[in-house]
Amino acid sequence: MEIPIFTVDSFTDLPFKGNPAAVCLIENELQDDLYQSIAAEMNLSETAFITRRNSMDFSSGARFGLRWFTPTCEMPLCGHATLASAAVLFYMKKNVNPVLVFETMRGELYVHQHEESLIMDFPLNKPNPQDQHEIKDLLKAVVGDVPIQDVCYNPTTRNLIICLADTCDRSELTSLKPEAKSLLENESTGKIKGVIVTMKGDSTAQPGYDFYSRYFSPWLGVLEDPVCGSAHTVLAAYWSERLNKKKMLAYQCSSRGGELGLEIRDDGRLNIIGRAQTVLQGTLKI
């Protein structure tokens, strides 16, 4: 069996920046253990598998199945690998449709092109306030003694948001070095699968980012995800309420960095806007 495979850097217009995802084009569904083995072999934060629907090919079809796997498990939702998947279909397969529809575990996701960017239609996941005392050891393991403004939790994504105090400098976010072992030891209930650390941006700078973030998820086999699109379904809801804005520009402060445009729509869903660069194309032989 030969499977076309690509590596795509998402949420960037430069190669070797943003968040890399592997994208596989699948003619027919595979066994789950084979999906997982391929993702483990790729060893990126996510590997996406696009499957044809209604006997249409990858250039003319408008509807596809989409699944995402980390090196250790399947994910119900992934932003950067969805962006990467759309980039492969639009840019590499020259798909002729104005809108692509992906059938996923979280329902249908729509992606369309706008100038040099791709716009993804995602759910918005509002977080709720979280009692800090209940998870004080985990908070200490993540941010140490850096002062905290808010702590919130979203049960749908099982993501915890830690917002640093507005008095903090960006360097206090970028210098955090939580250890996977410590995070796993301090959260073993299964309630939390990812920790988002965020802080207010500087809208007066150029470009003016509304907020910064980093994302840690050792529970899913990834200590730090360079740019997590699905985490921004929670971040957008949190910062929109704090800043009283529906349109925001965000930057994820990992070593690779990544930029996302966010727009909360009138229907309550979220547009996630980003660019992508394909850096590798090949064939997986099984």
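Let us start with S240, which touches K245, K246, M248 and I264, leaving aside residues up to four places away in sequence; contact here means heavy atoms within 4.5 Å. This serine lies in helix α6, residues 232–243. Helices (H or I, at least four residues) and strands (E, at least two) are DSSP runs, numbered from the N terminus. S240 is buried, with a relative accessible area of 14%. The cut-offs for that word are simple: buried means under 20% relative accessible area, exposed over 50%, and partly exposed in between, with a 1.4 Å probe and protein chains only.

Before going further, please keep in mind that this is a predicted model, in which local features need pLDDT of at least 70 and side-chain atom pairs count only at pLDDT 80 or more, while totals for chains, interfaces and linings use all residues. Residues are numbered from 1 along each chain as its sequence is written, and side-chain values use heavy atoms, with hydrogens and water left out.

Now move to R214, an arginine in strand β13, residues 211–217. R214 counts as buried because its relative accessibility is 6%. Its neighbours, not counting residues up to four places away in sequence, include L173, T174, S175, L176, E224 and Q252. With T174 there is something extra to look for: the side chain of R214 reaches the backbone oxygen of T174 at 3.2 Å. A polar contact is a pair of N or O atoms within 3.5 Å; within protein, one must be able to donate a hydrogen and the other to accept it, and residues adjacent in sequence count only if both atoms are side-chain atoms.

What about charged pairs? Side chains of opposite charge can pair when their charged atoms come close. A salt bridge is a side-chain nitrogen of Lys or Arg within 4 Å of a carboxyl oxygen of Asp or Glu, and a search of the whole structure finds 20 salt bridges. One of them joins R67 and E74, with the closest N and O atoms 2.8 Å apart; E74 is partly exposed at 27% relative accessibility. Another links D145 to K140 at 2.4 Å, N to O. D145 is exposed, with a relative accessible area of 68%, whereas K140 is partly exposed at 48%. D137 and K136 also form a salt bridge, their closest N and O atoms being 3.6 Å apart. Both partners are partly exposed, D137 at 45% and K136 at 45%. Elsewhere, R53, R63, E103 and E108 are linked in a network of salt bridges.

The cysteines tell another story. How many disulfides does a search of the whole structure find? The search finds 0, a disulfide being a pair of cysteine sulfur atoms within 2.5 Å. Take C163: the closest cysteine sulfur, in C152, is 8.2 Å from its own, so the two are too far apart for a bond. C228 is in no disulfide either, as the nearest cysteine sulfur, that of C78, is 6.5 Å away. Both C163, at 0% relative accessibility, and C228, at 5%, are buried.

Finally, turn to the surface, where F16, V279 and L280 make a nonpolar patch of about 290 Å². Patches are made of residues with over 30% relative accessible area and no salt bridge; like charges are joined within 9 Å, and nonpolar side chains (Val, Leu, Ile, Met, Phe, Trp, Tyr) within 5 Å. Accessible areas come from the Shrake-Rupley method with a 1.4 Å probe, and for residues only the protein chains shown count as cover. Within this patch, L280 is found in strand β18, residues 276–285, and is partly exposed at 43% relative accessibility.
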